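Student: Please take me closely through one helix of this protein, and then carry the same careful reading on to some other parts. I would like each term explained when it comes up.

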Amino acid sequence: MHRYRLLIGLVSMFTMVVELCGQSQYLVVKAEGKAPSEFFIELSLQSGVNIIYSDNVIDKLPPITLQLKGVGVDEILTKVLQNSEVGFKYIDQQIVLYELDPPAIRYTISGVVTDSVSGEPMISAYVFDAISGKGTITNNYGYYSLNLASGPVQLLAGFLGYATKVRVVELKKNEIIHIRLSQSGLLREVIVNSGRNNGRYGAIVPPAERITLADLQSNIHLGGSSDLYRAADFIPGVHTGTDGIGGIHVRGGGNDQNLILMDGVPVYHPNHLLGIVSVFNYQALQQASIYKANFPSRFSGRLSSVMDVRLREGNIHEWGFSGNIATSEIGMMAEGPLVRDKVGILVSGRFFLPGLFMRDLTRYYKTKNGVGGSADLDFFDFNSKINWIIGERDRLYLSMYQGGDRFADQTITDRDEVDKDSGIRIISHEEFNKELNWSNRTAVLRWNHILNDNIFSNLIVSRSAFELQSVDRSEFDYSFPGSNINTLSGFDAKEFKSGIEDFTVRLELDIRPSADHQLTAGWYGINYRFRPKSITINEESKVGDFFLDEGLLDDVFFSSFQVKAFESGLFVEDNWDINPKLKLTSGMHLSGFFVQGVHYLDPQLRLSLDYLPTPKLAFNIGYSRMAQYLHNLTSSSIGLPTDLWVPTTSNVAPALSDQYAISALWKPGKYMSLELSSYIKDMRSLISYQEGASFLLREGLVPSSIVDAANWESKITEGIGEAAGVELEYLYDNKDIQFKWNATWSRSYRQFDEINNGKAYPDRYDRRWSSSFSGQMRLSPRWIIGANWLFGTGLAITLAESKFYNPGSFFPEIGINYSNRNGFRLPSYHRLDLSVNYLLADKSNFNHSLTLNLYNVYNRVNPFYITLVQDPISQDFEFRQFSLFRFLPSFSYRFSFR
């Protein structure tokens, strides 16, 4: 009986639902200015669904005009109540009309996060509202902005190594709240997650590799000096050549394919000592971000990487001093307030310590070998910055950098001897001088302004210049006393100059309309000037009885070799948090280059998608197109500063690259992470010297003995390149033990019609396999030990394969047949470095430490290059290997006080 009643009830309910659904599919509504109460009564009768409401609710609705046919009751109500203050819902098969809650009023909290001790803005600090679960990070100038609902807000701000700052506010209007964070060695960083926002602060593939001052101080370096390039060597996909010589190569790219910025200003030759040391004084460094893929839209101009180096701004609260005395260099820095809490200044400088003794040591060595002269090797750099807080919304910076290198070698040979065959006395004087000098100079005026509660602006006016001068001069004088032979004398002087300078105006906007969107937009204009020069003056450089004057040549000939160009661009980027598991970054950079009456226009698309299926696992896929208008022509394998910077011209197209990358990051535990990345990169319109060509040897205009260069466009060839690789990195970071291990497989090829018979060949810095380990362990509060290990397959080189005789010449010559371009490889490179650091004192106002560095502990003889030499007697050829650094101990003493 009960089963029968239950069955009848289910059938009745099903019949009623079907009937209602059937009714709802065939409703016809026609109303013209009808009162809401009358309209809802008719709708209830027609649909068979009871509609409940109160008069004070429907009084908020205007007269209803509507005409619909064959629709359901839900669709009718949705149309009628659209954009009103009334909603509807089903309760026990009846429809209830109710008054909607008023929309929450939203306000914006914005400001700058700074260090409480120095007052410097903090990059990539997090700011988070624990109540709503909304959060963000600061930009490169410490600025943040959060759009939140009115009411209570629990604001948390923090950074690694700093105590979390908590601010509780009742949000009733737009607020500017500047936050000062304090360093803490006792409190761990606290990161708060809400259930709906785990992705924002969980595992996420980092867009860039970041190197901080702490990273540099804890790493092991040649000569006891910390350097950015040495730290970059332990990033997968980044190589710095043999023993650091040759600059930086990222994912199969060349030196000139890296955009290296110092406080937003490009540095064209960021090397000292042929690349062993970078131009960035570690004491003044705040943070360096190295982008290998997924380039932000604000960057353009290079194909392979961006190294965005931010220097410290200077302490506005109190004075402080720091220094480093090492085997290789001495560096000092001072910072402090000119006007307390308002205007701060920072000054730093360093120089090459062995340069103080180089002349005396080399003079002694040459004298011991029976010749005169000396050699000199030196470098210096100097940074200065003024930081002025004008008001709550404005901050002004003025910074300058100047650095230079010098190499000089003078050899003097004097002889007084009698020729054994003729008996004639010969007095000779020979002098050879080589000088190589290069310098970088930058200046930048930067104005940060909070336009309103959602827009932060950064205006930059800057200048950057690089200049090189290389001079080779030789003189000789032969006299024959007691004979009728005339005195012989002569000279030969060769000078090569290369210069590039730019003047830039740039405006960047950081726009944060909501917590889910962060926009970046801007415009820039760059005015370039390129100045190549090569000159040879000798006995043949005469017009009548006069030598041509170099200054005259500068005015008449080399002024026409200068090339001027202008680059301009627009960019926009949107970082969109679609939901807690998906984040899309999309952007466009539109750049134009004007040179020699030709205009190039290049749209560059950037896309990056992050997917976070769990708080411990993240994936990223990205695409980037880059355009490059400046090129670095080199006839050297080690990246000498004598390489020639040249622009895109009417005959030379811009270089383009397309890079596709995919990455995965897994955090299996609290202290460890594992990242796997792969990429494919195509490059087009690359340029290189033709076989046997260089920037010397210019014909025409005047005799080649006088002017040799500038017509570089006739000596180049255009081609393509491709690079691909897979990178694996494991990181463990605990309180007392930190280490990082990575392994990389990669390949990089080039193909030019006029090189290697048009066949593709490995690039010079194609390294098939590479791996590195870097770690440190704290043994006690005062003792820290560290170890680094590097391995890489040998670089690709071109070697001789056979020899032949040329009997057709007056004197039979021996010729050499060479292999295909880069057809051989040097032996693998590897070395182990160790360090021991002892903290002498660690107080709030004074600390100092002593570090012992052991470079290449097991004395590996790594090849720098291999050359073919011929025995002058037997005429046999043999390969000879040259190496740079074997086992090399060094020390450094560091201090800071305030």
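Tutor: Helix α2 covers residues 36-47, and its twelve residues reach 16 Å from the first C-alpha to the last, close to the 16 Å expected at 1.5 Å a residue. The expected span is 1.5 Å times one less than the number of residues, and the helices named here are DSSP runs of H or I with at least four residues, while strands are runs of E with at least two, both numbered from the N terminus. Please keep in mind that this is a predicted model, in which local features need pLDDT of at least 70 and side-chain atom pairs count only at pLDDT 80 or more, whereas totals for chains, interfaces and linings use all residues. Residues are numbered from 1 along each chain as its sequence is written, and side-chain values use heavy atoms, with hydrogens and water left out.

Within α2, the residues P36, F39, F40, L43, S44 and S47 are buried. Seen down the axis of α2, these buried residues fall within an arc of 130 degrees, so they line one face of the helix. Here buried means under 20% relative accessible area, exposed means over 50%, and partly exposed lies in between, with a 1.4 Å probe and protein chains only; the arc is that of the directions from the helix axis to the C-beta atoms. An α-helix has 3.6 residues a turn, so residues three or four places apart point the same way. After α2 comes G48, whose phi is positive, near 80 degrees.

Helix α8 (residues 358-368) can be read in the same manner, for its buried residues are M358, T362 and K366. Their directions, seen down the axis of α8, fall within an arc of 50 degrees, so they line one face of the helix. On the other side of α8, D360, L361, Y364, T367 and K368 are exposed. The cover over the buried residues of α8 includes the strands β25 (343-352), β26 (372-389) and β27 (394-418), where a contact means heavy atoms within 4.5 Å. Just after α8, G370 takes a positive phi of about 85 degrees.

From helices we can pass to strands by way of helix α4 (residues 73-80), which lies across β4 and β5 and runs at about 160 degrees to β4; axes are lines fitted to C-alpha atoms, for helices over the stretch in contact, and angles run from 0 to 180 degrees between N-to-C directions. These two strands belong to an open sheet of three strands in the order β2-β5-β4, with mixed pairing. Because β2 (51-52) and β4 (86-91) stand at the edges, each with a single partner strand, one side of each is left without a neighbour in the sheet. Two strands pair if DSSP finds at least two bridges between them, and β4 pairs with β5 (residues 94-99) in the antiparallel sense over six bridges. In that pairing, K89 has V96 of β5 as its bridge partner.

Another open sheet has five strands in the order β14-β21-β22-β17-β18, again with mixed pairing. Its edge strands are β14 (209-212) and β18 (265-266), each of which pairs on one side only. Further along the chain, β51 (residues 829-842) and β52 (residues 846-855) form a hairpin with three residues between them, and they pair in the antiparallel sense over eight bridges. S835 has N853 of β52 as its bridge partner. Strand β52 also pairs with β55 (residues 888-897), in the antiparallel sense over ten bridges, and there the partner of L854 is P889.

Finally, a search of the whole structure finds 26 aromatic pairs. One of them is formed by W319 and F321, which are stacked at 6.4 Å centre to centre, with 15 degrees between the planes. The rings of Phe, Tyr and Trp (its six-membered ring) pair if their centres lie within 6.5 Å, and planes under 30 degrees apart count as stacked, over 60 as edge-to-face and the rest as tilted. W319 is partly exposed, with a relative accessible area of 40%, and F321 is partly exposed at 36%. One aromatic cluster takes in W319, F321, F846, Y893, F895 and F897.
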